[in-house]
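User: Please go through this model with me, setting each value against the definition behind it.

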Amino acid sequence: MNKPRSTEATLSAGKLGTFAGVFTPSILTILGIILFLRLGYVVGSAGLARGLVIIALANAISVITSISMSAVATNLKVRGGGDYYLISRTLGLEFGGSIGLVLFFAQSVSIAFYCIGFAEAVAAFFPHMHPLTVQLIAVGAVAFLLIFAWLGADWATRFQFIVMALLIAALLSFFIGGIRSWDSALLSANWASPENGAPFWILFAIFFPAVTGFTQGVSMSGDLADPGKSIPLGTFLAVGISFVIYFAVAVLFAGSLPNPVLSSDYGAMKTVSAVGFFIDAGVIAATLSSAMASFMGAPRILQSLAVDRIFSLLTPFAKVSEPSGNPRRGVLLSAGIAFVTIALGQLNLVASVVSMFFLISYGLLNYATYFEARTQSPSFRPRFKWFSPPLCLLGFVICLGAMLAIDLKSGAAAIAMLFAVYQYLKRTAGPARWADSARSHHLQQVRQHLLAAGEDPEHARDWRPQLLVFTQDSTRRGPLLAFAAWIEGGSGFTEAVQIVEGEGSAAKKAQDLAHRTLAEAIAFGRHAMFPLTVSTPDLTLAMGILIQSSGIGPLRPNTVVLNWMGESAKSISGIGAYNYVKNLRLIFRQGKNLVVFRMDPESWTRLEAEPREGRRIDVWWQGNATSRLMLLLAHLMTRNEPWDKTTLRVLTSGDGMGIEAEKEKLNKILEDVRIEAAAEIVENFDADTIVQQSADATFVFLPLKIEQNRIADPTGKSFERSLPRLPVSALVMAAEDIDLDAAPEEGLAAQVARATDDLEAARKKAAAAEKVAADKKAALETLNSRLEALEVKGVSGAVPLDARKGLKEEIKDAESGAEKAYRRAVKAKVKADDAEKTVDVLKPGLKSEKEPSK
């Protein structure tokens, strides 16, 4: 059986760059059949004014979707599967599986669409040929391109550079001819719509496939060397250049030929062109290249679906040819769908079908980005910054509206089919093999989805600051609550706690008063947190119980925030420094991160007075779990309005590598985790160095250590040498390691998926071994029966002694073979039982106890 992991490794070994892997296939698909054979028809049937509106609306969808795609693509290390990968890793396997099928069929149908266009162009040279000629030529074109698709991406890339040269020559020829034949009066006459023109949305459906090629780059993501960089750059270059070309060609059409000619003559571009041969060559090259791009994209989407094992029927398509990693089985299926589609024979009809398929996929891609952004997950840190969640939602609405406007019944049927597949997968699919954004969404929408979030497995991408804030000192409560709100960053949950010592009715009254006071402080600061007050006769015991029992389901505190004990060495309960450190150790031993907030009235006043534009947060980095936690908390602070213009600075000491080398190393870490910060190298972490570097900062994060019942700075000395001379600060000690660059395929879901695969293979092997053992046993019984018969005959002398001796030797060999087969069967059964135990141990963490779909 083909293993998903090995296939993934093959797909990730990409070699193509931005130009060859994204820009060229995208622009060659965009500037294809519609440009050469249908743009004149659209302009002539709609008039230039409405024609430009159609072009603008179609390109608006492509631009918005490109923005959404770039945001998601730069937040993940994109593997094979393109749009399907992005949607499935964001919205989950149900939507991913549904849209994966739609995208595969859309790309496969596009092969036929472009080959039909190629056939129409070729058939135009032979006007008196049989009506079936177009279909036959299209079939031949699919068969020809099947050879390149079979050979792999390298051969297809070589082919597309030839097409690019022909396309440039064709466009130059058309622009030269259009400028020569320019007529301003004709342009004015063609501005309005003709009386018998086709309906707007019919023309839009015919034109829309022209702009669908911008996803070709992400469809080839598994073959790209750097998908996160190449996909946004190559896509926007292709979309921008093609947008200008389509507008210019439409205007030249309207200024060169009257609308009736444009709407009736599909070869209008050749008529206008200075050299008609280049248009013919451009049509042929563009249609073939567009079909080739779809031929390369469709099988990879299918192969990615098969690797993810969402549909058991598709599992055979997970296999790829070595060493190129080409999904040849998918290539054959795409060719078969294209052959069937060609039987329809109508280019405009096929164009409408393709438009509906792509509008569905683009709408979901926009919604996936909106969904991901709205979760406010700390792991959502796309390198592509120029996107807006409302704009992504607008793109989704526009795609949905366009579908219904083109054909209300067909659009509704397409949406119903998509959700039917979604519901089918929701009921039948096995455990997810990657971490999507569902858990983050459930945490954000806690009232509606708390139970659902508890069923999803934990993953590093989902980590959020769940804060338990001890607010005993009422004089310092306001700043502490504000600080907790900052590091929560609008993505986690905060519970502000006050412990009232005492028991009986007096303690209950004091608790009620304390709760009202705490709630008022939270409301005054407009903080998104919950108050909690507890009365207890023993503070330390109450703290231990609170830390272990607070929260519900997945909403349990992972970080405890409290005030620094202060100059008088008083702790949160009024006891001495020894018990304060004892309580810190108690918190840490319960697996909770420690964040100790230190401020005094003067430093707090200075912080509040400092303008937003001039603020700076310093993070003192040691490259460990505490450093990563501090960096993430500092980043989350910048999500708040008081800190949204703040500069982050990460300071670390040299490690014998030299200043520049150490700085480069730190910059690489910051780039990998997608947090914008300036790296700074210092000599050491001595108190004087810390004060010298960070005294002018607005806020400082410092690592904390607990050694021999005392709190120590990074050098093992007292903080009293540095804290009084620093601005408002936070001392941090991490009890867990936070992965700032976790991949979706890592974590519990992937472990269960691999264990389930191993279990299935072990069961099959055990069944096969048991069958072999049974066959061996049956054969042995047959031989023994024959021997008994021979022995009976041998007594009368009817059977020679040699014959009986030979049969006994055969039986001896059969007994040995049966014994070996039995041992192999026992071993296989033991392995299967072990694999089943592994799955049983891992599975309770998943959202479903179902067996994977067979």
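User: Which element of the protein has the lowest mean pLDDT and which the highest?

Analyst: This is a predicted model, in which local features need pLDDT of at least 70 and side-chain atom pairs count only at pLDDT 80 or more, while totals for chains, interfaces and linings use all residues. Residues are numbered from 1 along each chain as its sequence is written, and side-chain values use heavy atoms, with hydrogens and water left out. Taking pLDDT as the predictor's confidence in each residue, from 0 to 100, helix H1 (residues 4-12) has the lowest mean among the elements, 38, and E9 the highest, 95. Over residues 1-13 the pLDDT is below 50, and this stretch has 28 contacts in the model beyond near neighbours in sequence, a contact being heavy atoms within 4.5 Å. Residues 847-854 also stay under 50, with 25 contacts beyond four places in sequence. Where pLDDT is low, the predicted coordinates should not be read in detail. For the protein, the mean pLDDT is 82, and 86% of its residues reach 70 or more.

User: Why are H14 and H15 called oblique to each other?

Analyst: The axes of helix H14 (residues 276-308) and helix H15 (residues 328-342) come within 8 Å and cross at roughly 120°. Such axes are lines fitted to C-alpha atoms, for helices over the stretch in contact, and angles run from 0 to 180 degrees between N-to-C directions. Angles under 35 degrees count as roughly parallel, over 145 as roughly antiparallel, 65 to 115 as roughly perpendicular and the rest as oblique, and H14 and H15 are therefore oblique. The helices themselves are DSSP runs (H or I, at least four residues), as strands are (E, at least two), numbered from the N terminus.

User: What makes up the contact of H14 with H15?

Analyst: Phe295, Ala298, Pro299 and Leu302 in H14 meet Gly330, Val331, Leu333, Ser334 and Ala335 in H15. These residues divide into seven nonpolar, two polar and no charged, where Ala, Val, Leu, Ile, Met, Phe, Trp, Tyr, Cys and Pro count as nonpolar, Asp, Glu, Lys and Arg as charged, and the others, Gly among them, as polar.

User: Why are H21 and H26 described as roughly perpendicular to each other?

Analyst: Helix H21 and helix H26 (residues 625-637) pack at an angle of about 100°, with their axes 6 Å apart, and because of that angle they are roughly perpendicular. In this contact Trp486, Ile487 and Glu488 in H21 meet Leu633, Leu636 and Met637 in H26, which gives five nonpolar, no polar and one charged residue.

User: What makes E3 and E8 edge strands of the sheet?

Analyst: The open sheet of 10 strands has the order E3-E2-E1-E4-E5-E12-E9-E6-E7-E8, with mixed pairing. Strand E3 (530-536) and strand E8 (678-682) each have a single partner strand, so one side of each is left without a neighbour in the sheet. Neighbouring strands are turned by 25° against each other on average, direction ignored.

User: How do you know that E5 and E12 pair?

Analyst: Two strands pair if DSSP finds at least two bridges between them, and strand E5 (residues 593-598) and strand E12 (residues 729-733) pair in the antiparallel sense over five bridges. Val595 stands opposite Val732 in E12. Helix H24 (residues 577-589) packs on the sheet, touching E4, E5 and E12, and its direction makes about 145° with that of E5.
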